There are 2 protein chains.
Amino acid sequence: MSRQPLFDRLAIIGIGLIGSSVARAARERGLVRQIAIADASEQHRQDAARLQLGDEVHADAAEAARDADLIMFCVPLGANAAVAAHVAPALKPGAIVSDVGSCKQAVIRDIAPHLPAGVHLVPGHPVAGTEHSGPKAGFASLFENRWCILTPPPGADARAVEAVKAFWAACGSKVEVMEPRHHDLVLAITSHVPHLIAYNIVGTADDLETVTEGEVIKYSAGGFRDFTRIAASDPTMWRDVFLNNKEAVLEMLGRFTEDLIALQRAIRWGEGDTLFNLFTRTRAIRRAIIDAGQETAAPDFGRSPAAGKSEG
Amino acid sequence: MSRQPLFDRLAIIGIGLIGSSVARAARERGLVRQIAIADASEQHRQDAARLQLGDEVHADAAEAARDADLIMFCVPLGANAAVAAHVAPALKPGAIVSDVGSCKQAVIRDIAPHLPAGVHLVPGHPVAGTEHSGPKAGFASLFENRWCILTPPPGADARAVEAVKAFWAACGSKVEVMEPRHHDLVLAITSHVPHLIAYNIVGTADDLETVTEGEVIKYSAGGFRDFTRIAASDPTMWRDVFLNNKEAVLEMLGRFTEDLIALQRAIRWGEGDTLFNLFTRTRAIRRAIIDAGQETAAPDFGRSPAAGKSEG
């Protein structure tokens, strides 16, 4: 790549789906001169080395963070505080610490107190992903045409914010700056609660005595299988999301349940108009998402039977 | 096609997504000699004629059903009783009436009483579809590698059941015979409740004052957009599903809500193990659905940005 690198040394702490996609995008697009990777998992380190995702692969996050200009935390939210405390002494003045976590108030709460003066915190959240996990699951185009939300804390260094913005824009993302608390509310409804109810219905189905698991699997094309896709996402990451965005998730979940009980009542009393009106309104939102380029209009329910084969 | 037709005259009452896919599959695979179509909508009739989905297109369902060997009801469940009463005098002895509805006890309740002696009722449910509607949305391969569930009432004619089985098998479906009541229970959890909660969360999101609709649309890639796909399905069809499978839907919905309240409590009290254990269990079910060929393992969350364009 002939582009001038945006950073000299990028440290990626945690080389899972997102971390490895950041590594691939940064390398492919020539965004940095050097990539140092750290991961607590021996298997992940081996995969990262074999796939040549970076120039260095460390077990110790501080070794990767040493002398880095941009340190990207790509670990489950629950690990942020310990990682921040551990790498802090290795950070050089002027370094920028960022992350990719799904809850931003918790990230600031857990990372900021550990950072030495002169190190800048610019939390970020690329709204992108797949239901697969690990270094092998990542790919360079994951962030293209997706939003990345930055949530700098009050008083954040403006140049550091611009630098992180430029990094994500160069990955193909559309970048937005948002207040951390508002981010957590928006993501609670667009991501966290959808995941929770997907996990929940798959669990409910698995527990039934009247319908066998074999039947649930066979007839899943009726709608259920779309929920299983979401419910196959990384368990550790998602446990930490719910533990770290409690307030907003409980608020949105309360509204969801309230609305669902009202629908249940409409079914019990045969109120067809209530159902019809809701089902018509929701169609318009689908249309808007497609128009916004965040989805394709291809009829994905009728997935190609040829593609319906296991990879395993 | 060189195959011997299975039926002489096929009448399709209702030429929407499913009806038009049946027409296309029957024609492409040479399953019938003649296709007669009826639809109450002028627009649908025009589309059906223009797309040459059949040999005849009628406004009056009785005209299509006259002399037909197989009459396939492809109308919303709420229309079945009136259509059955209307076409009954036109049905010839030995004719088979079938359908494609998502609730089978209601179909038997609504259609059977109207049929003259010597006409056989073999209700069916192809577990396939897309989020699009209308004659233009159908395609011949929709039923390939999908299940079709037949629910013959007690005492049904065995040869008629075999004939309908052969029809769906020739459309590429895997065919299963099931007791109507059990079908309604299985589909409540694999299809009806998933649709209801998808419609519900899209409605909840639309009603928020703290998060704008624009934000919901922009950041929908975090999980929400997968629900909007389901929540874009045909409103009339789905209203009728909930009104006609009330008992099983309310039973499954009760379990879903109970489980969700337990998860909500786990979040409130920070019980990470409860969340982690559920999230791990649900991954295994996803794997089983892929292994069963009902889904592809491709990481669909990371939908191709190139495909993320509006068709409209």
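Select strand β1 of chain A together with strand β4 (residues 70-73) of chain A, and in this predicted model you will find the two strands paired in the parallel sense over four bridges. To fix the register of that pairing, show A:Ile12 and look for its bridge partner in β4(A), which is A:Met72.

Keep β1(A) selected and add strand β2 (residues 32-38) of chain A, since β1(A) and β2(A) also pair in the parallel sense, here over six bridges. A useful landmark on this side is A:Leu10, which stands opposite A:Ile35 in β2(A). If helix α1 (residues 17-28) of chain A is now brought into the display, β1(A), α1(A) and β2(A) can be seen to make a right-handed β-α-β unit. Is β1(A) mainly buried or exposed? Of the seven residues of this strand (residues 7-13), six are buried, so the strand is largely enclosed by the rest of the structure.

**Across to chain B**

Turn next to chain B and select strand β1 (residues 7-13) and β2(B), which run parallel and are joined by six bridges. Within this pair, the bridge partner of B:Ile12 in β2(B) is B:Ile37. Following the chain from β1(B) through helix α1 (residues 17-28) of chain B to β2(B) traces a β-α-β crossover that is right-handed.

Now extend the selection to strand β3 (residues 56-58) of chain B, which runs parallel to β2(B) and is joined to it by three bridges. B:Ile37 is again the residue to centre on, because its bridge partner in β3(B) is B:Val57, while its partner in β1(B) is B:Ile12. Adding helix α2 (residues 42-50) of chain B completes another right-handed β-α-β unit, made of β2(B), α2(B) and β3(B). Five of the seven residues of β2(B) (residues 32-38) are buried, so this strand is largely enclosed by the rest of the structure.

**The three-stranded sheets**

Staying in chain B, select β7, β8 and β9, three strands that form an open sheet in the order β7-β8-β9 with mixed pairing. Strands β7 (124-126) and β9 (174-177) of chain B stand at the edges with a single partner strand each, so one side of each is left without a neighbour in the sheet. From one strand to the next the twist averages 20°. The antiparallel part of the pairing can be inspected between β7(B) and strand β8 (residues 147-150) of chain B, which are linked over three bridges, and B:Gly124 has B:Leu150 as its bridge partner in β8(B). Helix α6 (residues 158-170) of chain B lies across β7, β8 and β9 of chain B and runs at about 170° to β8(B).

In chain A, the selection of β7, β8 and β9 shows an open sheet of three strands in the order β7-β8-β9, with mixed pairing. Its edge strands are β7 (124-126) and β9 (174-177) of chain A, each of which pairs on one side only. Here the parallel pairing is the one to examine: strand β8 (residues 147-150) of chain A and β9(A) pair in that sense over four bridges, with A:Cys148 standing opposite A:Val175 in β9(A). Helix α6 (residues 158-170) of chain A lies across β7, β8 and β9 of chain A, at about 170° to β8(A).

**Domains of chain A**

Colour chain A by its domain assignment, which gives domain 1 (7-178) and domain 2 (182-302). The C-alpha centres of these two domains of chain A lie 30 Å apart, and 15 residues of domain 1 are in contact with 18 residues of domain 2. On the domain 1 side, the largest share of the contacting residues, three of them, comes from helix α5 (residues 104-111) of chain A. By class, that side has six nonpolar, seven polar and two charged residues.

**A buried helix and the chain interface**

Select helix α10 (residues 235-244) of chain A, in which nine of the 10 residues are buried, so that the helix is largely enclosed by the rest of the structure. Among the buried residues are A:Trp238, A:Arg239, A:Asp240 and A:Phe242. Which elements cover the buried residues of α10(A)? The cover includes α5, α7 (180-207) and α11 (246-268) of chain A, together with α11 and α12 of chain B.

Finally, display both chains, where 107 residues of chain B are in contact with 108 residues of chain A. On the chain B side, α7(B) gives the most, with 19 residues. By class, the side of chain B that touches chain A has 54 nonpolar, 30 polar and 23 charged residues.

Terms used: Residues are numbered from 1 along each chain as its sequence is written. Chains are lettered from A and ligands numbered from 1 in the order in which they are written. This is a predicted model: local features need pLDDT of at least 70, side-chain atom pairs count only at pLDDT 80 or more; totals for chains, interfaces and linings use all residues. A residue is buried if 20 or more other C-beta atoms lie within 10 Å of its own, exposed if 12 or fewer, and partly exposed in between; C-beta atoms are placed from the backbone. Two strands pair if DSSP finds at least two bridges between them. A crossover is right-handed if, with the strands pointing away from the viewer, the path from the first strand over the helix to the second runs clockwise. Axes are lines fitted to C-alpha atoms, for helices over the stretch in contact, and angles run from 0 to 180 degrees between N-to-C directions. Two residues are in contact if their C-beta atoms, placed from the backbone, lie within 7 Å. Domain bounds come from an automatic or database domain assignment. Ala, Val, Leu, Ile, Met, Phe, Trp, Tyr, Cys and Pro count as nonpolar, Asp, Glu, Lys and Arg as charged, and the others, Gly among them, as polar.
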